[in-house]
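Here are my notes for you, written as a few numbered points. Have the model open while you read, and look up each residue as it comes along.

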Amino acid sequence: MCFVLYVGTASPLPLRPWRQEAPALSVKTLSAKEEAIKTHFTKQAVQHVGSTSGCGCDFPHVLTDTWRSPGFELDMLPERDTSEHSNAEELVKLLRESGEKTIEVYGVWDGDFTEAPEARESISLSSILDPHFRFKEKGFYTVQVD
């Protein structure tokens, strides 16, 4: 099972295939099974954004059971590894290049497309670069592009 990240924008992001021989961020149209994820977005264009692993597992993220634990704080997590950091940087670059002022981001486990968000946050794009930032599983983010 993989963590997956979906991005909602007013206009579609340019598609980027994932290639095993040159792993990089990918942007894909939704598959038929992923179409249900659209119900959570207000933006018209919803796409799957993959990390260098192909899925979203190399984006910094935290599981629901962890972030919902009493007393849990995101800054309690260890610093990100190199892969998470570079994927976060590339994601910020991709979202900034969209030219949009507000972008929606939702992270879930693959297959949980109908699951409603359990957390909603408004964040700045640059906050994704904070060493302690993690996308919360079932966390829906309204991202203000700075």
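How many aromatic pairs does the structure hold?

1. The structure holds 7 aromatic pairs. Keep in mind throughout that this is a predicted model. One of the pairs is made by Tyr106 and Phe140, whose ring centres are 5.7 Å apart. Their planes stand at 50 degrees, so this pair is called tilted: stacked would need under 30 degrees, and edge-to-face over 60. The pair also links distant parts of the chain. Tyr106 belongs to strand S5, while Phe140 belongs to strand S8 (residues 139-144), and 34 residues separate them.

2. Another pair worth a look is Phe133 with Tyr141. Here the ring centres are 5.9 Å apart and the planes are at 65 degrees, so this pair counts as edge-to-face. Try turning the model until you see one ring from its edge.

3. Are the rings in these two pairs buried or exposed? Tyr106 is buried, with a relative accessible area of 0%. Phe140 is buried as well, at 4%. In the other pair, Phe133 has a relative accessible area of 8% and is buried, and Tyr141, at 1%, counts as buried too. The cut-off behind that word is under 20% relative accessible area.

4. Stay with Phe140 for a moment. Together with Phe41 and Tyr106, Phe140 forms one aromatic cluster. Phe140 also has a charged companion: the charged end of Arg120 sits over the ring of Phe140, 4.7 Å from the ring centre.

5. Now zoom out to the whole chain. You should be able to find 2 helices and 8 strands. Going from the N terminus, the order is β-β-β-β-α-α-β-β-β-β, so you meet four strands, then both helices, then four more strands. The chain has 146 residues, and 46% of them are buried. The exposed surface comes to about 7300 Å², with carbon and sulfur atoms supplying 52% of it. As for contacts between residues at least 6 apart in sequence, 73% of them join residues at least 24 apart.

6. Which strands form the open sheet, and in what order? There are 6 of them, running S2-S3-S1-S5-S8-S6, and the pairing is mixed. Strand S2 (26-28) and strand S6 (119-124) stand at the edges. Each has a single partner strand, so one side of each is left without a neighbour in the sheet. From one strand to the next, the twist averages 25 degrees.

7. Strand S1 deserves its own point. S1 (residues 3-9) runs antiparallel to S5 (residues 102-109), and 6 bridges join them. You can check two of the partners by eye: Val7 is matched with Val105 in S5, and Phe3 is matched with Trp109 in S5. S1 is also joined to S3 (residues 45-50) by 5 bridges, and these two strands run antiparallel as well. There, Gly8 stands opposite Val46.

8. How many residues of S1 are buried? The count is 7 of the 7, so S1 is largely enclosed by the rest of the structure. In a regular strand the side chains alternate between the two faces of the sheet. In S1 both faces are covered. Phe3, Leu5, Val7 and Thr9 are buried on one side, and Val4, Tyr6 and Gly8 are buried on the other.

9. Next, a backbone detail. Most residues other than glycine have a negative phi. Lys138 is not a glycine, yet its phi is positive, about 65 degrees. You'll find Lys138 in the loop between strand S7 (135-136) and S8. Lys138 is buried, with a relative accessible area of 13%.

10. Last, have a look at Pro14, which sits in the loop between S1 and S2. Is Pro14 buried or exposed? With a relative accessible area of 59%, Pro14 is exposed; the cut-off for that word is over 50%. Pro14 and Leu94 are 80 residues apart in sequence, but their C-alpha atoms are 9.5 Å apart in space.

Note on methods:
Residues are numbered from 1 along each chain as its sequence is written. This is a predicted model: local features need pLDDT of at least 70, side-chain atom pairs count only at pLDDT 80 or more; totals for chains, interfaces and linings use all residues. Side-chain values use heavy atoms; hydrogens and water are left out. Two strands pair if DSSP finds at least two bridges between them. Axes are lines fitted to C-alpha atoms, for helices over the stretch in contact, and angles run from 0 to 180 degrees between N-to-C directions. Buried means under 20% relative accessible area, exposed over 50%, partly exposed in between (1.4 Å probe, protein chains only). Contact means heavy atoms within 4.5 Å. Accessible areas come from the Shrake-Rupley method with a 1.4 Å probe; for residues, only the protein chains shown count as cover. Rings of Phe, Tyr and Trp (its six-membered ring) pair if their centres lie within 6.5 Å; planes under 30 degrees apart count as stacked, over 60 as edge-to-face and the rest as tilted. A charge sits over a ring if NZ of Lys or CZ of Arg is within 6 Å of the ring centre and within 35 degrees of the ring normal.
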